[in-house]
Amino acid sequence: MSRTNISQEDASSSDEEQIVSSREREGKVITCILMGITILFIGSNIVLPTSNMHLIEIITGLKLVKQMPVFFKACYIGYILGCIFGGVGFDYFELPKEKLMMLSFMLIVMTLTTGCVPFCSNAFGLGVNFFVNGICIQFCMTGILAYCFGLFGKKCNICVQFLFFLFSLGKVVTISVSSVGYSEFDHLVNYTTTDHLKSDASQKLITSHTLMACLIALAFVAWFCLYRFSPSQFMLKVPFDDSRNLSTGPGLFVFGIISSMPLVFFASLVEGSYPIMISKFANDRLSTDIDVKRDVLALFWGCFVLGRFVAVGLAYKCCTSPQFIVLNLGLLLCSGCLLALTSDEEESILWIATAFLGLSGASLLPSTYVWLHQHIYVNSKVIGVLSIISIISLISSTFGIHNSFSKNPKAPLYCILLSPTLYAIAFAIQAIVFKQIEHPTPRRRESHAEAAGSHSSTAIPRCLTPKNILRKEIHDSGQCRNVISDMGTLKSSAQKQNQRTVNLLRSLEFPAESVIQTNHTKSLIERRNSDEF
């Protein structure tokens with residue numbers, strides 16, 4: 001009977017564990033989809049103000065296109081501050097529920113700044129709006145990527161590729177819709193417009209920004225519902241497992257960040273500068289008109305989005321981050337060599353090389369983040385630092401590289417070939433160092449084992465920190481369950497050992513009682529045996 005009860009209890013406990021694990025998986029999937037939708041709206045919001053700049057000019061009468069560098073600088077300063085605030089803020093809070101609260105607040109601010117663009121009547125107001133919007137955008141980007149790495153751990157490749165795909169999709173869709181829907185206003189910028197055209201432009205501008213603000217507000221509502229009404233199995237009250245920080249030395253951590261800076265710089269250069277380089281190269285080599293340059297840019301961005309979509313499927317099926325990186329670098333170098341063969345007689349090579357450049361450079365940046373996360377724990381501070389490097393790459397492509405192209409017609413081709421080459425060199429150095437650290441020599445392995453043993457003896461898991469104990473939040477994560485079960489086993493064994501010690505001391509102090517207890521126990525055993533027979 002007792003065995004039957006034990007088997008039933010084991011079966012019920014296994015069923016409960018399966019239900020909890022399935023709910024945890026369900027929570028991860030829902031969170032990943034919600035992060036993707038938010039990233040999609042953020043990508044659209046990044047390019048929406050610049051896409052509608054002609055409409056703002058018609059409404060306000062300001063020459064804003066000539067002042068575009070000023071607005072770009074305001075955006076970039078906002079992006080950098082957003083990386084700093086996001087990197088510090090998301091690491092300050094431990095619980096995912098608190099991180100969601102911060103993300104929801106920034107989405108509210110982004111909704112307000114997006115909806116206020118049509119009502120800014122001067123350049124200063126637009127600059128402040130772009131600055132605040134840039135802070136919100138990069139804050140949310142940093143937080144969502146950090147949340148993704150903390151939620152999925154080393155198995156984050158699929159989710160990261162998915163997020164970057166939706167980010168680029170949002171940008172491309174918004175640019176395409178703006179170029180098609182507002183093309184009738186492009187030729188009216190330098191001419192006096194009527195009140196009817198101003199009213200039409202104002203209506204389109206208000207409609208587009210109001211729609212975008214409503215979409216961001218819906219994302220806020222979804223995050224708030226997840227924050228407020230999610231079940232306990234979604235583990236929003238459990239800190240992410242950052243135990244890898246305990247096993248990662250400061251030297252490895254600093255090396256991983258510093259060595260990843262050139263990787264992120266050149267990977268961001270592919271996305272930010274390659275369209276400019278290809279259009280400039282096509283103009284110098286073929287003397288193409290504006291329509292052909294627009295077609296080249298459309299082909300590049302279309303293949304770029306397609307490449308990130310394919311990367312999601314490959315990440316789900318077979319490819320890992322180093323495989324993605326090696327494949328992308330090989331295709332980038334081959335496409336750059338193919339682009340050098342472009343001539344007036346072989347114009348089709350330009351289109352083929354452009355398509356392959358878009359496909360091959362698509363997954364390089366997300367794979368770089370995933371590759372780094374395989375070796376060190378990428379928290380929001382690391383993402384903030386690397387995002388600043390990415391913004392610096394974007395600034396250099398916007399201001400520095402574009403000016404140098406006018407002096408040397410072959411500079412775009414050199415840059416297209418040089419970027420993946422330098423990336424490959426930096427990646428090879430980083431991979432060699434990581435391998436040496438992860439597979440050390442026997443002598444170094446012994447020293448690491450001694451250091452790890454001394455550290456593990458004093459390390460306290462994050463779930464058992466004094467702050468969480470005071471909060472009475474001993475969380476039900478896997479790490480905490482193991483720690484608490486080990487503590488329970490240690491306690492029970494200590495109690496047994498203490499009882500044995502007490503009995504031994506008692507028998508030494510009172511030997512007569514010990515003899516009585518022993519004789520009484522023997523008589524009980526003999527009586528039970530006789531009853532059985």
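Select M35 in this predicted model. Show what surrounds M35, skipping neighbours within four places in sequence: the contacts are I144, Y147, C148, F152, C159, L163 and W223.

Now widen the selection to the core around M35. M35 and Y423 have the most contacts inside the largest nonpolar core, which counts 99 residues. Which helix gives the most to this core? Colour α5, residues 123-152: the helix supplies 15 residues. Then colour by domain. Domain 1 (18-186 + 193-238) and domain 2 (241-437) each contribute at least three residues to this core. Apart from it lies another core, of five residues. Pick out F165, V172, V305 and V312, which are among its members.

Zoom out for the whole chain. The protein has 19 helices and zero strands. Of its 533 residues, 42% are buried. Take the contacts between residues at least 6 apart in sequence: 83% of them join residues at least 24 apart.

**Long-range pairs**

Three stops show partners distant in sequence.

Go to E24, in helix α1 (residues 2-51). E24 counts as partly exposed, because its relative accessibility is 24% and the buried class ends under 20%. Add P231 to the selection. E24 and P231 are 207 residues apart along the chain, yet their C-alpha atoms are separated by 9.7 Å.

Next, select S208 in helix α7, which spans residues 195-229. Is S208 buried or exposed? At 13% relative accessibility, S208 counts as buried. Draw a C-alpha distance to P49: the separation is 9.8 Å, with the two positions 159 residues apart along the chain.

Move to S393, within helix α14 (residues 380-405). S393 has 1% relative accessibility, so it counts as buried. Leaving aside neighbours within four places in sequence, S393 is in contact with F265, S268 and L269. Add E271 as well. From S393 to E271 the C-alpha distance is 9.8 Å, across 122 residues of sequence.

**A helix pair: α3 and α4**

Select residues 68-92 for α3 and residues 96-116 for α4. How do the two axes cross? They come within 9 Å and cross at roughly 145°. Show side chains where the helices meet. On the α3 side, pick G89, F90 and D91; on the α4 side, pick K99, M102 and L103. By class, this contact has three nonpolar, one polar and two charged residues.

**Around N328 and α12**

Jump to helix α11, residues 321-339, and select N328. N328 counts as buried, because its relative accessibility is 4%. Which residues does N328 contact, beyond its neighbours within four places in sequence? They are S360, S363 and L364.

S360 leads on to α12. Select residues 348-360, the 13 residues of this helix. From first C-alpha to last, α12 reaches 18 Å, close to the 18 Å expected at 1.5 Å a residue. Now colour its buried positions: I349, L350, A353, T354, A355, L357, G358 and S360. S360 is thus both a buried residue of α12 and a contact of N328.

Terms used:
Residues are numbered from 1 along each chain as its sequence is written. This is a predicted model: local features need pLDDT of at least 70, side-chain atom pairs count only at pLDDT 80 or more; totals for chains, interfaces and linings use all residues. Side-chain values use heavy atoms; hydrogens and water are left out. Axes are lines fitted to C-alpha atoms, for helices over the stretch in contact, and angles run from 0 to 180 degrees between N-to-C directions. Helices (H or I, at least four residues) and strands (E, at least two) are DSSP runs, numbered from the N terminus. Contact means heavy atoms within 4.5 Å. Ala, Val, Leu, Ile, Met, Phe, Trp, Tyr, Cys and Pro count as nonpolar, Asp, Glu, Lys and Arg as charged, and the others, Gly among them, as polar. Buried means under 20% relative accessible area, exposed over 50%, partly exposed in between (1.4 Å probe, protein chains only). The expected span of a helix is 1.5 Å times one less than its number of residues. A nonpolar core is a set of buried Ala, Val, Leu, Ile, Met, Phe, Trp, Tyr and Cys residues joined through side-chain atoms within 4.5 Å. Domain bounds come from an automatic or database domain assignment.
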